[in-house]
Amino acid sequence: MRKTIIAANWKMNTLPKEGVEIAKKINNYLSGVELGLNKKVVLGVPFTHISKIMEVVDYKKIAIAAQNCSQYDFGAYTGEISAEMLKSLGVQYVILGHSERRLYFGETDEIIAQKLQQAYKNAIFPIFCCGETLQQREKGNHFNVVETQLINAFVKVDKFNFQRTVIAYEPVWAIGTGQNATPEQAQEMHVFIRKIISNFYGHEIANDISILYGGSVIANNARQIFKCEHIDGGLVGGASLKPDEFIQIIESA
Ligand code: PEP
């Protein structure tokens, strides 16, 4: 059964103390709410916040995501954090392939594919991001771009591992810009992504995978976006740092 997931991506924001306060507010709200088995709230927090936030949230209500992991197992990779290290802290999700990692840190499809393998190996659910730039959309290449990202990421991933994946469609032009994709544009791409998955892994798996939309989701547009049949929640950046707004977004899903 497909899950609805509302995932926060805090990026490189907040000090641990501030992050703990935000997490506590979201946790307080969720303590009075029955989310049901099919709805999940995930907080994608900086590495430095993970342990502290885990101490203050109810793991039955809130899962913690890291925003990256190394493509390597262990060893002489100064500054890197392995998926195994994250697992040992109790991290359940990891955001991979985010456009900011692709753009600012040179992450290629190949590196992202290696990181996906690390996540699977350590039983962490990857939230795999894909999406086109404005230029690519304007040239009419958006479907090709997303298809290539998916093929390169999952070409070596078997059915068992793929089932543990969450996809986030994040058009780059909508991230942090205040210009969200229209529900129609997002729905159209989500249907396309589900078709690609179906070609790879079959209809049943395609139907079960959660495909989130990300890109300037705020309290004011969340309901419209989430009511689309093929949109199974959101990956939320800026608005997830405002707990009251993030709570409204959770309520909209
Ligand atoms: C993101 O960074 O994944 C994102 C969707 O950011 P924002 O919501 O701020 O556009």
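**Exercise 1. Characterise the surroundings of the ligand.**

*Solution.* Begin with Lys11: one of its polar side-chain atoms is 2.6 Å from an oxygen atom of the ligand, a polar contact being a pair of N or O atoms within 3.5 Å; within protein, one atom must be able to donate a hydrogen and the other to accept it, and residues adjacent in sequence count only if both atoms are side-chain atoms. The structure is a predicted model, in which local features need pLDDT of at least 70 and side-chain atom pairs count only at pLDDT 80 or more, while totals for chains, interfaces and linings use all residues. Residues are numbered from 1 along each chain as its sequence is written, and side-chain values use heavy atoms, with hydrogens and water left out.

Next, take Asn9, which places a polar side-chain atom 3.3 Å from an oxygen atom of the ligand. Gly237 contributes through its backbone, with a polar atom 2.8 Å from a ligand oxygen. The ligand taken alone exposes 290 Å², of which the protein buries 95%; accessible areas come from the Shrake-Rupley method with a 1.4 Å probe, and for residues only the protein chains shown count as cover.

Then consider the whole shell. The ligand is surrounded by 14 residues, the closest being Lys11, Glu170, Gly176, Ser216 and Gly237; a residue is near a molecule if one of its heavy atoms lies within 4 Å of it. By class, the shell has four nonpolar, eight polar and two charged residues. In this division Ala, Val, Leu, Ile, Met, Phe, Trp, Tyr, Cys and Pro count as nonpolar, Asp, Glu, Lys and Arg as charged, and the others, Gly among them, as polar.

**Exercise 2. Identify the nonpolar cores and the contacts of Phe154.**

*Solution.* The largest nonpolar core has 67 residues, and those with the most contacts inside it are Leu43, Phe154, Ile167 and Ile193. Such a core is a set of buried Ala, Val, Leu, Ile, Met, Phe, Trp, Tyr and Cys residues joined through side-chain atoms within 4.5 Å. Buried means under 20% relative accessible area, exposed over 50%, and partly exposed in between (1.4 Å probe, protein chains only).

Helix H9 (residues 183-201) gives the most to this core, with seven residues. Helices (H or I, at least four residues) and strands (E, at least two) are DSSP runs, numbered from the N terminus. Another core lies apart from the largest one; it has 13 residues, among them Val42, Tyr93, Ile95 and Ile127.

Beyond its neighbours within four places in sequence, Phe154 is in contact with residues including Leu116, Phe128, Ile167 and Phe200; contact means heavy atoms within 4.5 Å.

**Exercise 3. Compare the settings of Ala7 and Cys130.**

*Solution.* Ala7 belongs to strand E1 (residues 4-9). Because its relative accessible area is 0%, Ala7 is buried. Its contacts outside four places in sequence include Val42, Ile127, Leu212 and Phe246. Ala7 and Gly44 are 37 residues apart in sequence and 6.8 Å apart in space, C-alpha to C-alpha.

Cys130 is placed in strand E5 (residues 125-130). With a relative accessible area of 2%, Cys130 is buried. Among the residues that Cys130 touches, with those up to four places away in sequence not counted, are Arg102, Ile167, Glu170 and Ile193.

**Exercise 4. Explain the enclosure of helix H12.**

*Solution.* Seven of the ten residues of H12 (residues 243-252) are buried, so this helix is largely enclosed by the rest of the structure. The buried ones are Pro243, Glu245, Phe246, Ile247, Ile249, Ile250 and Ser252. Their cover includes E1, H1, strand E2 (39-44), helix H11 (219-226) and strand E8 (233-236).

**Exercise 5. Examine three loop residues: Thr14, Ser216 and Ser240.**

*Solution.* Most residues other than glycine have a negative phi. Thr14, in the loop between E1 and H1, has a positive phi of about 75°. At 26% relative accessibility, Thr14 is partly exposed.

Ser216, in the loop between strand E7 (211-214) and H11, has a positive phi of about 55°. Its 16% relative accessibility makes Ser216 buried.

Ser240 sits in the loop between E8 and H12 and is buried at 0% relative accessibility. A polar side-chain atom of Ser240 is 3.1 Å from the backbone oxygen of Val236. Setting aside neighbours within four places in sequence, Ser240 is in contact with Ala8, Asn9, Trp10, Ile22 and Phe246.
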